[in-house]
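Ready for a few warm-up exercises? Have a go at each task yourself, then walk through the solution.

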Amino acid sequence: MLTSLKHIIQEMSQSPNLDSALARLVTMVKKTMKVDSCSLYLSNYAERHLVLVATDGLHADAVGKVIIGFNEGLIGLVGDREEPLNIEDAPTHPRFKHYPEVHEDNYHAFIGTPIIYQRKVLGVITMQHKETRRFSEDDEAFLVTLAAQIALEIVNAEMRGSLHNMQLDSRVDTQLLPRTVNGIPGAPGLAMGIGHAVNFKHDLNQLIARKAEDTERQITRYREAVQITRKQVAELSSDLSENLPEDVRAIFQLYHQLLDANSLGREVEKEIHEGWDAASSLKFVVERYAARFENMEDPYMRERAVDIVDLSNRILNNILLEESSSSSDAPDNTPCILLAQEVSAPMLAEFPRDKLAGIISIKGSNNSHAAILARAMGVPAVMGLQGVSINLLKSKELFIDGYSGEVVLNIDEKTRNEYQALIDEEEALYRKIAEDGDKPSLTQDKQHISLLVNAGLTASVEMEQFKQGDGIGLYRTEIPFMMRERFPSEREQYELYKDVLSAHPSKEITMRTLDVGGDKPLNYFPINEDNPFLGWRGIRLTLDHPDIFLVQVRAMLRASIGLSNLHILLPMITSVNEVDESKRLIKQAFLEVKEEAMAEKKMLSKPAVGIMLEVPAVMFQLEHLAQRVDFFSVGTNDLTQYLLAVDRNNARVSNLYSSYHPAVLGALHQIFQSATSAKVPVTVCGELAGEPLGAVLLMAMGYRKLSMNAHSLRKINWVIRHINIQEVRAILPDILHQTTPEGVRQILNKYLESKQLGGLVRAGA
Ligand code: PEP
Ligand code: MG
């Protein structure tokens, strides 16, 4: 069954558009399951009806014409109840409705199951038999499993299809309508620019099959691509050491055999003769080869499927002759929307800032580190555009809305003007805030709120903004580690830290020790884990590698010689032991560096040591932790992720991730109360502190130190100067009584609106 399912899904994904994918699907199901008919209905959710879109067995003319309400017939019943229906003799069922157009008079047995994606009924798939009999449990299980799998395929095919058709249409500009695809809001703001793909490689998996009439040219393209690939593989294997391990050598041997094999070429050329272009032909043949290998009993041979696909992707990229592009290829004088499968910190840092208008990351979610960096840079970003191929966005004019997560393609003149007006309006608001930006952050009832900066990426920009802040509340040291190809030396780290500490000697600078793992990988220190966010991250990793930890702490301490503003912050603390062990190492480093300082007759101050409160376990140990540290810093990004058990990087569950969830509010409230009674200063450095609603919420709870990305600083300063602490304290009980994030946001929104700050919520919350 698994093989048939896989085969069906694979065939679907090869289809150029949704119509042909579904037509192929029903035919294959009918054949595989040996039934008399298989049909598929797609729903129009708003209208609450289903339309027959593909059938093998019912009358073909009925496709597109039969429309069934959710309250009509058996199909409607399946859609309405959202569960499978297995009936021996359909015409005798009380809900049966006769549709003459479909010619189903001879059918009796009926089974239907809903196709559901993210709680919405996308459609219904049915099988029918002429006999009167109940479909078996196996049939039912097959259909349910198939429906679950095709849901995502339908969403993807729809996206591919609509974008693809649009691409074909793009020769006739005037008739185009703007099209929107939806992702997840990553960083607030609006932007327009040309899609520029970084590190873009074509992938057979994503390729949309196309027909081509110039058979000879396609054959030549394929043969030339194989020649180029052969040369590349030869160079690659000769570049590698002579002493290659046996298994790596075997892979190269396989590559050579495949490239030389007439069989592969013959099969590809056969597909070309059937009217497909070279790339699509390669895709079909390789998917068949890979499936054959995947089905082999020998696990070693099964693994080879991956090598076949890898080699074929090399051939594909040579067919399409697209070199992977880099940031430096970004077109001159044109605002760009950076496109990448997964945007990384180095990618953002290398991209010329003056050309970077916006960011689209196919993977990731609202609290992925890429989104946090985008917010820090003040660049609008959309994340998690699942199912969209970069190929369809690159080199196109795009509009992105970082508030709603929308990406619009195919912008016509009228829409362009409308978007430009929105962008101008937003810039005017920011200008207004900026003009007033350097005033002290005092509420209307004269309470001072300390604003600090989260730094780490674009040190120069941050340092500029940081002039207004009271210090750095979170210096993410991992970012400089991610930008290199090896661990930075103690000297390199010292120089970096020295710049930051000495730039503002009178302000507190909080440097966090290395927090890699999770979605912050180091290329030169790969960690392969099933659950990276629950794995070897932050302090867990550095305590297992005291060498890394000690070098970093020594570099921080040496950089602080003669100064007294260094605060050291420990990430991902879960247990008291981790604090004790870290403090022991910090003390060791301190004594070593102190000796060096004394030899040079210089002064080394003891750094303040604090911990991140971001793992829920610490909430139950605050009393013990408070005795051991000088300060707390609440990391709402991870605290939310771990409290709600929602991966901050997973687009599929992004709707469940909210720092306004009542459980998170409960934790934040409790932390503030406990820290205050233990007399330990507490800052919030998660993204919540930089959102207008979040900042008001935290101030209502009593927090007076907020650390945020440099870009949010002025905006939050503006909010603070317009609110009154007495008033926000008064709405706290109501907020804490809410049972949903929406309820919490509603109260906060209402308060901001009463202060004429409603416009800011679009600009950032
Ligand atoms: C947090 O978890 O809230 C935090 C500030 O750290 P990071 O986002 O770097 O994990
Ligand atoms: Mg964190």
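Keep in mind that this is a predicted model.

**Exercise 1. The ligand and the ion**

Task: find out how far an oxygen atom of ligand 1 is from an N or O atom in the side chain of D638, then work out which residues coordinate the magnesium ion (ligand 2).

Solution:
- Step 1. Start at D638: an N or O atom in its side chain sits 2.9 Å from an oxygen atom of ligand 1.
- Step 2. Now try E614, where an N or O atom of the side chain is 3.0 Å from an oxygen atom of ligand 1.
- Step 3. Turn to the magnesium ion (ligand 2): E614 (OE) and D638 (OD) coordinate it, at 2.0 to 2.1 Å.
- Step 4. Ask where this pair comes from in the chain. E614 belongs to the loop between strand 19 (608-613) and helix 19 (622-626), while D638 is part of helix 20 (residues 636-644); the two are 24 residues apart, so the pair links distant parts of the chain.
- Step 5. Check the accessibility. E614 has a relative accessible area of 2%, so it is buried. D638 comes out at 3%, so it is buried too.
- Step 6. Look around ligand 1 again: 17 residues surround it, and the closest are R476, R512, G635, N637 and R648. For G635, a backbone N or O atom is 3.4 Å from an oxygen atom of ligand 1.

**Exercise 2. A charge without a partner**

Task: explain why D139 has no salt bridge.

Solution:
- Step 1. Locate D139: you'll find it in helix 4 (residues 137-169).
- Step 2. Look for a side chain of opposite charge. The nearest one is R133, 4.2 Å away from D139, which is buried.
- Step 3. Apply the cut-off: a salt bridge needs the two charged groups within 4 Å. At 4.2 Å, R133 misses that limit, so D139 has no salt bridge.
- Step 4. See what else D139 meets. Leaving out neighbours within four places in sequence, its contacts are M33, M127 and R133.

**Exercise 3. Two buried residues**

Task: decide whether L207 is buried or exposed, and do the same for H49.

Solution:
- Step 1. L207 sits in the loop between strand 9 (190-197) and helix 5 (215-239). Its relative accessible area is 11%, so L207 is buried.
- Step 2. Beyond four places in sequence, L207 touches A279, S280, K283, L316 and L320. Take K283: 76 residues separate it from L207 in sequence, yet their C-alpha atoms are 7.7 Å apart in space.
- Step 3. H49 is in strand 2 (residues 49-56). With 18% relative accessibility, H49 counts as buried.
- Step 4. Again skipping residues up to four places away, H49 touches L42, S43, N44, I67, I68, G69 and F70.

**Exercise 4. Positive phi**

Task: say where E82 is found and where K601 is found, and compare their phi values with the usual sign.

Solution:
- Step 1. Recall the rule: most residues other than glycine have a negative phi.
- Step 2. E82 has a positive phi near 60° and is not glycine. E82 is in the loop between helix 3 (73-81) and strand 4 (85-87).
- Step 3. K601, not a glycine either, has a positive phi of about 60°. K601 lies in the loop between helix 18 (576-599) and strand 19.
- Step 4. Finish with accessibility: E82 is partly exposed at 40%, whereas K601 is exposed at 74%.

Technical notes. Residues numbered from 1 in each chain as written. Chains lettered and ligands numbered in written order. Predicted model: local features only at pLDDT ≥ 70, side-chain atom pairs only at ≥ 80, totals over all residues. Heavy atoms only, no water. Helix = DSSP H or I, 4+ residues; strand = E, 2+ residues; numbered from the N terminus. Buried < 20%, exposed > 50% of the residue type's maximum accessible area, 1.4 Å probe, protein only. Lys, Arg positive; Asp, Glu negative; His and termini not counted. Contact = heavy atoms within 4.5 Å. Donors = N, O, S within 2.8 Å, 3.2 Å for Na, K, Ca; no water. Near = heavy atom within 4 Å. Polar contact = N/O pair within 3.5 Å; in protein donor to acceptor, adjacent residues only side chain to side chain.
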